[in-house]
Amino acid sequence: MSHIHYKALLLAATLTLAATPALAGDNAVVKHRKSVMTGIGAAMGATVCQLKGQCNMKPKVLLRQAKTLAFLSSISADSFRQATPNATMKTTSTDNVWSDWAEFDKGLNTMTKRARNLVKVVKAGADKAALGKAVGKLGKTCKGCHDNFRKKKKK
Ligand code: HEC
């Protein structure tokens, strides 16, 4: 099991413990969901680096990136489900994540499906064009959701 999977599982376990009523630590929940997204960002970054010809990963390493994306996407909904009104930790999630949960959840589901598709494409040893298409489709889900469910950066 790769390091990132292990870390995510560990965090997921921490979250389960933290989710006991009353004692629920909102900061721990925020930390967990941000870690999941950071892992997704790292695997996506590596994949795009490969696509641009700037990284020279072996096929099996590229496949691990894709599998990491699929795995972390699949646990993302559980990492966001609990609202965190009492968190003092910095978060860029907007309140509509929870008030508009169905829409948000749909976005995470689409990401998961497209990440699973990427795994298939990488496994098939697809050429750069096919890989680019799969990564592009996955990337659209990131931006689409971030535009609607994250605080905008101040310019
Ligand atoms: C359906 C919604 C949704 C999708 C899809 C999504 N994200 Fe996110 N992402 C969020 C939200 C909400 C946050 C803010 C988390 C917070 O600060 O509480 C976030 C935060 C992040 C962060 C910052 C984490 C941090 O430590 O503050 C990164 C990096 C990131 N996302 C990468 C990605 C990438 C890459 C993809 C696509 C492969 C993606 N996200 C897809 C909703 C989404």
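A residue is buried here if 20 or more other C-beta atoms lie within 10 Å of its own. The model is predicted.

**View 1. The whole chain is built from six helices and zero strands.** From the N terminus on, the elements run α-α-α-α-α-α. The chain has 155 residues, and buried residues make up 25% of them. Consider the contacts with a separation of 6 or more. Residues 24 or more positions apart account for 74% of these.

**View 2. Helix 3 has a kink centred on S74.** The kink is about 30 degrees. Helix 3 covers residues 59–80, 22 residues in total. At 1.5 Å a residue it should span 32 Å. The C-alpha atoms at its ends are 32 Å apart, so expectation and model agree. The buried residues of helix 3 include Q65, A66, T68, L69, A70, F71, L72 and S73. Past the kink centre at S74, the buried residues are I75, S76, S79 and F80.

**View 3. The largest nonpolar core has 18 residues.** Those with the most contacts inside the core are I40, A66, L69, L72, A115, L118 and L138. Helix 2, helix 3, helix 5 and helix 6 each supply at least two residues of this core. Helix 3 gives the largest share, six residues.

**View 4. L69 of helix 3 is buried.** Its neighbours within four places in sequence are left aside here. Beyond them, L69 is in contact with I40, A43 and M44. It also contacts A115 and L118. I40, A115 and L118 are, like L69, among the core residues with the most contacts inside the core.

**View 5. The ligand has 23 residues around it.** M37, G41, G107, C142 and C145 come nearest. Helix 2 (26–51), helix 5 (101–123) and helix 6 (128–149) each supply at least two residues of the shell. The largest share, eight residues, comes from helix 2. By class, the shell has twelve nonpolar, eight polar and three charged residues.

**View 6. E103 of helix 5 is shown with C145.** The two residues are 42 positions apart in sequence. In space they are 9.4 Å apart, C-alpha to C-alpha. C145 is one of the residues that come nearest the ligand. Is E103 buried, exposed or partly exposed? E103 has 13 other C-beta atoms within 10 Å, so it counts as partly exposed. A count of 12 or fewer would make a residue exposed, and 20 or more would make it buried.

Definitions and conventions: Residues numbered from 1 in each chain as written. Predicted model: local features only at pLDDT ≥ 70, side-chain atom pairs only at ≥ 80, totals over all residues. Near = placed C-beta within 6 Å. Helix = DSSP H or I, 4+ residues; strand = E, 2+ residues; numbered from the N terminus. Nonpolar A, V, L, I, M, F, W, Y, C, P; charged D, E, K, R; others polar. Expected span 1.5 Å × (residues − 1). Bend = angle between axes of the 7 residues up to and from the residue. Contact = placed C-beta atoms within 7 Å. Core = buried A, V, L, I, M, F, W, Y, C linked by C-beta atoms within 7 Å.
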